[in-house]
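Student: I have a model open and would like to practise reading its features with you. Could we go through it one feature at a time?

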Amino acid sequence: MTTAKQVVRREAYEPHAIEEKWRKIWDETGIYRVVEDPNRPKWYHLTMYPYPSGDLHIGHWYAMAPSDAAARFKRMSGYNVLFPMGFDAFGLPAENAAITRGIHPFKWTMDNIERMRRQLRSMGAMFDWSREVVTCLPDYYRWNQWFFLQFYKNGLAYRASAPVWWCPKDQTVLANEQVIDGRCERCGTEVYRRDLEQWFFRITKYAEELLNFDGIEWPERVMTMQRNWIGRSEGARVRFQTAAGDAIEIFTTRPDTLWGATFMVLAPEHPLVERLTSPEQRAAVEAYVDQTRRETDIERTATDREKTGVFTGGYAINPVNGAQIPIWIADYVLMSYGTGAIMAVPAHDQRDFEFARKYDLPIQVVIQPEGEPLDPATMTEAYPGDGVMVNSGPFDGTPTAGGEAVRRVTEWLEEQGLGSHAVTYRLRDWLISRQRYWGTPIPIVYCDKCGTVPVPEDQLPVLLPEDAEFTPTGVSPLKTDERFVNTTCPECGGPARRETDTMDTFVDSSWYQYRYVSPHEADRPFDPDAIAYWTPVDQYTGGIEHATMHLMYARFFTKALRDLGLLPFDEPFLRLFNQGIILGEDNEKMSKSRGNVVDPDDLVAQLGADTVRLYLMFIAPWEQGGPWSSRGIAGVERFVRRVWTIVTETADTPADGPDGEAAHKLRKITHRTIKAVTEDISTFQFNTMVARLMEFVNELSSLRDTEVVRTEAWREAMRTLVLLLAPSTPYLAEELWERLGQPYSVHQQSWPQYDPELAAAEMIELVVQVNGKVRDRLEVPADITEERAIELATASNRVREHLQGRTVRRTIYVPGRLVNIVAG
C-alpha cells in the first residue's frame, strides 16, 4: 500500500478553550431547550437530582455523565428528549451546616446551588436549565402543601401518637429507613424510641399494589428489596385473652399450630405490657423496655442473635384448648409487624424453640413428620416442616402439606368466632413529621374551638419565616417563633396555632419528576397536557440506596395522585438503572479522612471535561463501579488527543483518491464499529463502547499514512467517529464536527446507521474449551453452522491432545463465540 504524500497541519488540543467556546454557543442558541412535539416520539430521561452540599464530587459525575450520554444518544436517534436538572434543597445537612457556620440555611443552600450549577454546566450535559426546580423555594414547596391537603381530605394524611426514632444530635424524628444499625444515617449518632404526636401518609393503603411491578423494567434486586420491605404475609388473626379479660390479638401464618402455643410474647412497647406486669416483675420489665428502645428493628429480628426476654408475671388463655400460658416480652417481637404479639410454638418455630430452651418453657409437638416421631425432650431444633396434626383436638390426623390444614383451621376459627383469615404487611405508614426548621411547613392549624383545621388552598404557601431561630432544642424551632405560630382559625376566625412540624424531604422528591414538565405553573402543580405528553419517565438512573425510600415513596405518590384524578398512570418510572460507585485508588470508599477523594474540578482544570467523562464510562461496567486509577485516566487522555490529531490533521484532505479494496475494507470497519457502539450504548455498556471506539481509532491510525485517507471512505469514517463520540465527549465532538466542515450542531445530527452487509464480520474467533478450559482459538467464517463448528473444534490438534483416553459426553455451542466439549 502506498504512502500518502501530504503536508499536515498540527494544532494542539486545548480543551478549556473548546469547552468555553461551545458552552457559550449552546447557551446562545438554546440547543438543549425542549418543547412538546407531537410529531416526534418523546423520551423522558431523568437522573436523580443532587443535594446542594457544596460541591460536585466524582460520584455526581459518575452518576450523571453516562446518563447524559444515554440521553444524547436517544436524541440523536430521533427522540424528543427531556433531560432536566434541579436541586433537592431542603433537609438536615443544610440546617446543621447553617448552625455550625452561623449562616442562614437559605443562603448556605442557594450559594451551594449556584456553585454546583456552574459545575454541572462544566460537565457539558444537555440539561434543559429552563426547567430547573429548587425544592426550598416557595413556588415548589407550596405544592407539597397542596398535595398534603388533598391527601388529608381523602384520608391519606393523618395525625397519631406513635413510637418514633429520635436522633438526640439532630434533634428530630427519623423514618425507619433512616436508621442504620441503630444510628442516624446522617450523623451516626445512636438513636432511641420516643412517643410523639406525628403526621403520617397512609402508604399502607397501597401495600398490595406496591408489590406489583407489572409494566416496568426495574432491576430484580430493587424489586426484591421493596417486596421484602413491604413484607406481605397471609394467615389468620386469632383472639387470645389475658387472665384478667383483656383481648390480645395475634397474627399467625400457621394457625394449624395453635394447639402447640405454650407461651405468648409481646413487643416490649405493646400497650398491655404495663397492665400485665406484676409488681414482682416490674423493675425487670421496665429495664428491658428501656434497653429495647435503643435497638433497631433489624437488630431485634436478626436470626443469628441470641434471644432475650423477660416474664411479665401475667398469663393468657389459649382460645383453642383453654390452656393458661405465661406472657413474656422479647425484643424479637415488633409492634411494627402484625399486632405486636405472637403465640409462641417452640416445637415448630426456631426462634420460639431457642427462647423456650433458654428460659425452660414447655414444648408441645403438634405436627408429626413421617417416620420417627418427634419427642420434645430430645429435640435439638424446631421442626417447621409438614406432617400430620397431633395433640390438636378435632384436627388430629389432618395433613398439613399443601395448606389444607391452615385452610380448615382458619374456617373453624371463623365459625367459632375466635379468629379470621388475614393478610398483614411489614410496611408501616410513612412518618413525614420533622421537628426541624429547614423543610416544608405542614399546612395545618389548631383551634381550641374547631380542632384540627387545614389551611385553605388560597392561603398557600405557608411560608417559612426567614428569621426563625433554627438551633435544635428537641422541639421544632418554629414553635418559638410567635409570629409564625399565632394565626387565625380559617373556620371561626378566632385565635389558632400553626402546626410547627415540617415535612420529610422525601416528600419533595416523590413528585419532582412531574414538576419538571411545567416548572413555572403558578396555579397548579403541573400542566395536565404536559403530563400527558412527557410522563411517565421513560428512563430513570440513580443509586440503589434509594430502593426502599425515595423509589417506594415516589411509587406511592404516583398511585395516590392517580386516585385523586391528577395522573393517568400507575408508575412514575418505566425503566430504572442503578449505577455503582467510584472507589478510591486504594479500593476503599472515598472519604476525606482516608485522603482518597478525587476532585472533579481539579481534573477538569487539568484534562478537560470530555476526558473525565470518557474515563468514568471506561473505568468499569456502569452498574458495578470500581476503583479510580490515575494511570487509567491518563490512557483515556491519550486516546482523546489521538482522536483530535487524526481528525484535525486529515479534515482538509480532499477525497480525490481511488475507491478501491482498501476503502471497502475501511467501510466494513466503520460499519462494524457503528453496530457495536450502538448496541453497547443502547444497553448502558459504556466501558465496552469506549473500548470499541479505541479499537476503531487504532484501525484508523494504522491507515493514517496510506492513500485511503484521500477517499470518501475516510471522510465517512471521520464523520462516523465524531458522531459516535458525540454523546460521550460533547465538546470535542462539536469542535471536530465544525473542523470537518459540517453544519451546526453535531448534537442535532442523526445517529449513524450501519449497513448490515458491511457490518457483518467475515471471520470470527471461535474459542474452543475442554471441560471449561480454553484449549484453542480458531478463525472461522462468521456464518459457520453449529455442526461445522463442532467438527473443526474436535479436529483441532490441541483439543485432541486433551481428549485422549476420554469420552466426549456432550458439546455446548454458543453461536459466534465458543464450543465447549464436555469429556470424561
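Student: How do the residues lining the second largest pocket divide into nonpolar, polar and charged?

Tutor: A lining can be read by class, by residue and by element. In this predicted model, the lining of the second largest pocket has 10 charged, 8 nonpolar and 3 polar residues. The pocket encloses about 740 Å³ of space.

Student: Which residues lie nearest the centre of that pocket?

Tutor: Out of 21 lining residues, R672, R692, E695, A761 and M763 lie nearest the centre of the second largest pocket. Now go from residues to elements: α21 (661-682), α22 (686-703) and β28 each supply at least two residues of this lining. Helix α21 gives the most, with 10 residues.

Student: β28 belongs to a sheet, I think. What is the order of the strands there?

Tutor: For a sheet, look at the order, then the pairing, then the edges. This open sheet has 4 strands, ordered β29-β28-β31-β30, and its pairing is mixed. At the edges stand β29 (773-781) and β30 (808-814); each has a single partner strand, so one side of each is left without a neighbour in the sheet. From one strand to the next, the twist averages 20°.

Student: In which sense do β28 and β29 pair, parallel or antiparallel?

Tutor: Strand β28, residues 763-770, pairs with β29 in the antiparallel sense, over 8 bridges. To find one of these bridges, start from M763: its bridge partner in β29 is P781. You have met M763 already, among the residues nearest the centre of the second largest pocket.

Student: Which helix packs on the sheet?

Tutor: Helix α26, residues 786-795, packs there and touches β28, β29, β30 and β31 (818-823). The direction of α26 makes about 60° with that of β31.

Student: And for two helices that pack on each other, what should I look at?

Tutor: Two packed helices are described by the angle between their axes and the distance between the axes. Take α19 (residues 609-618) and α24 (residues 730-739): their axes come within 7 Å and cross at roughly 120°. Angles of 65 to 115 degrees would count as roughly perpendicular and those over 145 as roughly antiparallel; α19 and α24 are therefore oblique to each other.

Student: Which residues make the contact between α19 and α24?

Tutor: From α19 come A609, D610 and R613, while α24 brings P730, Y731 and L732. By class, the contact of α19 with α24 has 4 nonpolar and 2 charged residues, and no polar ones.

Student: Let's turn to enclosed space. How many cavities of 30 Å³ or more does the structure hold?

Tutor: There are 2 cavities of 30 Å³ or more. The largest cavity has a volume of about 160 Å³. Of its 16 lining residues, G91, L92, R434, D504 and T505 are the closest to the centre. Two elements, β4 (172-174) and β23 (502-503), give two or more residues to this lining, and the largest share, 3 residues, comes from β4. By class, the largest cavity is lined by 5 nonpolar, 6 polar and 5 charged residues.

Student: What lines the second largest cavity?

Tutor: P163, R193, P268, E269, V289, T292, R293 and R300 line the second largest cavity, which has a volume of about 50 Å³. That lining divides into 3 nonpolar, 1 polar and 4 charged residues.

Conventions:
Residues are numbered from 1 along each chain as its sequence is written. This is a predicted model: local features need pLDDT of at least 70, side-chain atom pairs count only at pLDDT 80 or more; totals for chains, interfaces and linings use all residues. Side-chain values use heavy atoms; hydrogens and water are left out. On a 1 Å grid over the protein atoms alone, a cavity is a set of points where a 1.4 Å probe fits but cannot get out, and a pocket is an open set with protein on both sides within 12 Å along at least five of seven lines; lining residues have an atom within 4 Å of a point. Grid points are joined across faces, edges and corners, and a volume is the space filled by probe spheres set on the points. Ala, Val, Leu, Ile, Met, Phe, Trp, Tyr, Cys and Pro count as nonpolar, Asp, Glu, Lys and Arg as charged, and the others, Gly among them, as polar. Two strands pair if DSSP finds at least two bridges between them. Axes are lines fitted to C-alpha atoms, for helices over the stretch in contact, and angles run from 0 to 180 degrees between N-to-C directions. Contact means heavy atoms within 4.5 Å. Angles under 35 degrees count as roughly parallel, over 145 as roughly antiparallel, 65 to 115 as roughly perpendicular and the rest as oblique.
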